[in-house]
Amino acid sequence: MSAAPLRSPTLRPHRMKKEESFLGKLGGTLARKKKAKEVSDLQEEGKNAINAPMNPSTVDIHPEDTLLAEENEERTMIDPNSKEDPKFKELIKVLIDWINDVLVEERIIVKQLEEDLYDGQVLQKLLEKLADRKLNVAEVTQSEIGQKQKLQTVLEAVHDLLRPHGWTIKWNVDSIHGKNLICILHLLVALAMHFRAPIRLPEHVSVQVVVVRKREGLLQTTHVSEELTTTTEKPASHTCAVGGVLILIFFPPKPERDAFDTLFDHAPDKLSVVKKSLITFVNKHLNKLNLEVTELETQFADGVYLVLLMGLLEDYFVPLHNFYLTPESFDQKVHNVSFAFELMQDGGLKKLKARPEDVVNLDLKSTLRVLYNLFTKYKNVE
């Protein structure tokens, strides 16, 4: 008779550890659920505020029941319905695709604006590429202080570019680093418009934003409508909440179409005739300096030929210290073209529709506008 098979002994200590591990996990799960409930409660307060527009509401809430633990602390949130707006989604997609196209050589892929842009790394690369300049910042920074220092340098460079053209700054270091999507979108839209990005932004994109502030243990809410893009003929305005301050912002009106818009849209076959006539005109004068133009888009982009051409047309010598003879950076090229524009206005030409940045960015339509203005005034000059 064979002996009965032996059973493996039960290891009690191992089971106790398993029970302790299960209880530990249960405690962690409960803690996470409590945290999720706090977030849900704050979002619910925002929704309630949205449903009662024009009447700032106060909700009796204890500090431990909200993420706004500090007195006078403020947060903004986008109405969930606005996030689902097709135009809002399209705006985000267009901007993400644009950033990825610009930075394709850097092997940078942006998937979410708030998470990928807040530390300044992507914004630094984007601005360096667009403006053709190198910023003096650390390449990689992990600490919050280092990230904010980099953001400060990047945003100062952005402000130096935008302010001379009348842009109102609608963001700051804290709002970008705090992942404020509205302020990040304002920044990107401004950059795209300033550098004439080859993209089509959706028109009239607006979102509803709730500003929640904690005062004496109560949540007080206000509502603002943020207009992110516009193409209205009249100057459009909207408000933006930055650091608790509501700023009224005006957008310039949509520019009127001219003959070159019509030429590009409806008669592109005649474009070569126009270009040939303008090349003949400019070479008639530049040949006096042994210079010759074959490509209008590229050879006027640094502003040198424009400055020299104005001197020839007006019959004066332009001092070399007034412009960069061999410009290297985007800013130096913009300086040259801007200086040429000043010489044109001094010569009696009307203010040009084109912008210096457009010419530097190889925008053919803008370059043609500039040269055609010169042709109209100086076509009989020998």
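Reader: Where is leucine 320 found?

Author: This is a predicted model. Two helices frame the answer: α12 covers 304–314 and α13 covers 330–346. Leucine 320 is found in the loop between α12 and α13.

Reader: Does leucine 320 count as buried, partly exposed or exposed, and why?

Author: Its relative accessibility is 47%. Buried means under 20% and exposed means over 50%. The value lies in between, so leucine 320 counts as partly exposed.

Reader: Which residues form a nonpolar patch with Leu320, and what is the accessible area together?

Author: The patch lies on the surface. Phe317 and Leu325 form it with Leu320. Together they have an accessible area of about 350 Å².

Reader: How many residues of α12 are buried?

Author: Among the buried residues of α12 are Val304, Tyr305, Met310 and Gly311. The helix is largely enclosed by the rest of the structure, because the buried residues number 10 of the 11.

Reader: Which helices do the buried residues of α12 pack against?

Author: One of the partners is α11, at 296–299. Another is α15, at 364–378. The full list is α10, α11, α13 and α15.

Reader: Which residue just after α12 takes a positive phi?

Author: The place to look is just after the helix. The phi there is about 60°. The residue is aspartate 315.

Reader: What span does α10 reach from its first C-alpha to its last?

Author: Helix α10 runs over residues 271–286, which makes 16 residues. At 1.5 Å a residue, 22 Å is expected. The helix comes close to that, reaching 22 Å.

Reader: Which residues of α10 are buried?

Author: An α-helix has 3.6 residues a turn, so residues three or four places apart point the same way. In α10, the buried residues are Leu271, Leu278, Ile279, Phe281, Val282, Asn283, His285 and Leu286.

Reader: Which residues do ring pairs link into a cluster with Phe281?

Author: Phe281 is one of the buried residues of α10. Ring pairs link Phe281 into a cluster with Tyr372 and Phe375.

Reader: How many aromatic pairs does a search of the whole structure find, and how far apart in the chain are phenylalanine 195 and phenylalanine 330?

Author: The search finds 4 aromatic pairs. The ring centres of phenylalanine 195 and phenylalanine 330 are 5.5 Å apart and their planes stand at 55°, so this pair is tilted. Phenylalanine 195 sits in the loop between α8 and β3, and phenylalanine 330 in helix α13. Along the chain they are 135 residues apart.

Methods:
Residues numbered from 1 in each chain as written. Predicted model: local features only at pLDDT ≥ 70, side-chain atom pairs only at ≥ 80, totals over all residues. Heavy atoms only, no water. Helix = DSSP H or I, 4+ residues; strand = E, 2+ residues; numbered from the N terminus. Expected span 1.5 Å × (residues − 1). Buried < 20%, exposed > 50% of the residue type's maximum accessible area, 1.4 Å probe, protein only. Patch = residues over 30% accessible without salt bridge, like charges linked within 9 Å, V, L, I, M, F, W, Y side chains within 5 Å. Areas by Shrake-Rupley, 256 points an atom, 1.4 Å probe, with all protein chains shown as cover. Salt bridge = Lys/Arg side-chain N within 4 Å of Asp/Glu carboxyl O. Phe/Tyr/Trp six-rings, centres within 6.5 Å; stacked < 30°, edge-to-face > 60°. Contact = heavy atoms within 4.5 Å.
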